[in-house]
Amino acid sequence: MVIPPPVRPPRVTKFLKPYVLKMHFTNKYVHAQVIHAPTATVASSASSQEKALRPTMESTRDVAAAAKIGKMLGERLMLKEIPAVTVFLKREQKYHGKVKAVIDSLREAGVKLL
């Protein structure tokens, strides 16, 4: 059984940014996904845990892996014709290291950041 996403009233969705980039870093992997905020669904995602990527990477958790994930996510967003995203950083995330690598490679892929 599939549970539909919650329906938000129009007064709330008027102020939401449509696409939000969220990143998650573990000790082994790098995950990044773009969420469509009004419908609360995942528009696109990329992870260093994907089987197609693992053989081409030396490590699945370093800055180079984060840059590759950002590039791959940017290409997927351009295929789905999503031109811009908003970056959502958690409190402990600073624009440095892996976070910077993901965001910079998204920019290089042609995605605008709001």
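Select aspartate 104 first. At 22% relative accessibility, aspartate 104 counts as partly exposed. Keep in mind that this is a predicted model.

Now add arginine 107. The two residues form a salt bridge, and their closest N and O atoms are 3.3 Å apart. Both sit in helix H3, three residues apart, so about one helical turn separates them. Arginine 107 has 46% relative accessibility and therefore counts as partly exposed.

How many salt bridges does a search of the whole structure find? It finds two. For the other, select arginine 76 and glutamate 50. Here the closest N and O atoms are 3.0 Å apart. Colour the two partners by element. Arginine 76 belongs to helix H2, while glutamate 50 lies in the loop between S3 and H2, so this pair ties together parts that are 26 residues apart in sequence. Check the surface next. Arginine 76 is partly exposed, at 26% relative accessibility. Glutamate 50 is partly exposed too, at 22%.

Step to serine 47. This residue is found in strand S3. Is serine 47 buried or exposed? Its relative accessible area is 10%, so serine 47 is buried; the cut-off for that is under 20%. Show its side chain. The side chain of serine 47 reaches the backbone nitrogen of glutamine 49 at 3.0 Å. Then show what surrounds it. Leaving aside neighbours within four places in sequence, serine 47 is in contact with Val30, His31, Leu53 and Ile69.

Next, the strands. Select residues 19-25 for S1 and residues 30-36 for S2. S1 and S2 pair in the antiparallel sense, over seven bridges. To see one bridge, pick valine 20 and look across to its partner in S2, isoleucine 35. Four residues lie between the two strands, which form a hairpin.

Now select residues 41-47, strand S3. S2 and S3 also pair in the antiparallel sense, here over six bridges. Valine 34 has serine 44 in S3 as its bridge partner. Follow the chain round the hairpin of S2 and S3, where four residues lie between the strands. Stop at alanine 40 in this hairpin, which takes a positive phi near 60°.

Go back to S2 and turn on the surface. Why is S2 largely enclosed by the rest of the structure? Because five of its seven residues are buried.

Last stop: the core. In soluble globular proteins, nonpolar side chains tend to be buried together. The largest nonpolar core here has 23 residues. Select Leu21, Met23, Val34, Ile69, Leu73, Leu77 and Val85, the members that touch the most others. Which elements give two or more residues to this core? They are S1, S2, S3, helix H2 (63-79) and helix H3 (98-108). H2 gives the most, with six residues.

Finish on leucine 73, one of the core residues that touch the most other members. Show its surroundings, leaving aside neighbours within four places in sequence. Leucine 73 is then in contact with Leu21, Ala32, Gln33 and Val34, and also with Ser44, Ser45, Ala46 and Leu106. Two names in that list have come up before. Val34 and Ser44 are the bridge partners from the pairing of S2 with S3.

Note on methods: Residues numbered from 1 in each chain as written. Predicted model: local features only at pLDDT ≥ 70, side-chain atom pairs only at ≥ 80, totals over all residues. Heavy atoms only, no water. Buried < 20%, exposed > 50% of the residue type's maximum accessible area, 1.4 Å probe, protein only. Pairing = 2+ DSSP bridges. Core = buried A, V, L, I, M, F, W, Y, C linked by side-chain atoms within 4.5 Å. Contact = heavy atoms within 4.5 Å. Salt bridge = Lys/Arg side-chain N within 4 Å of Asp/Glu carboxyl O. Polar contact = N/O pair within 3.5 Å; in protein donor to acceptor, adjacent residues only side chain to side chain.
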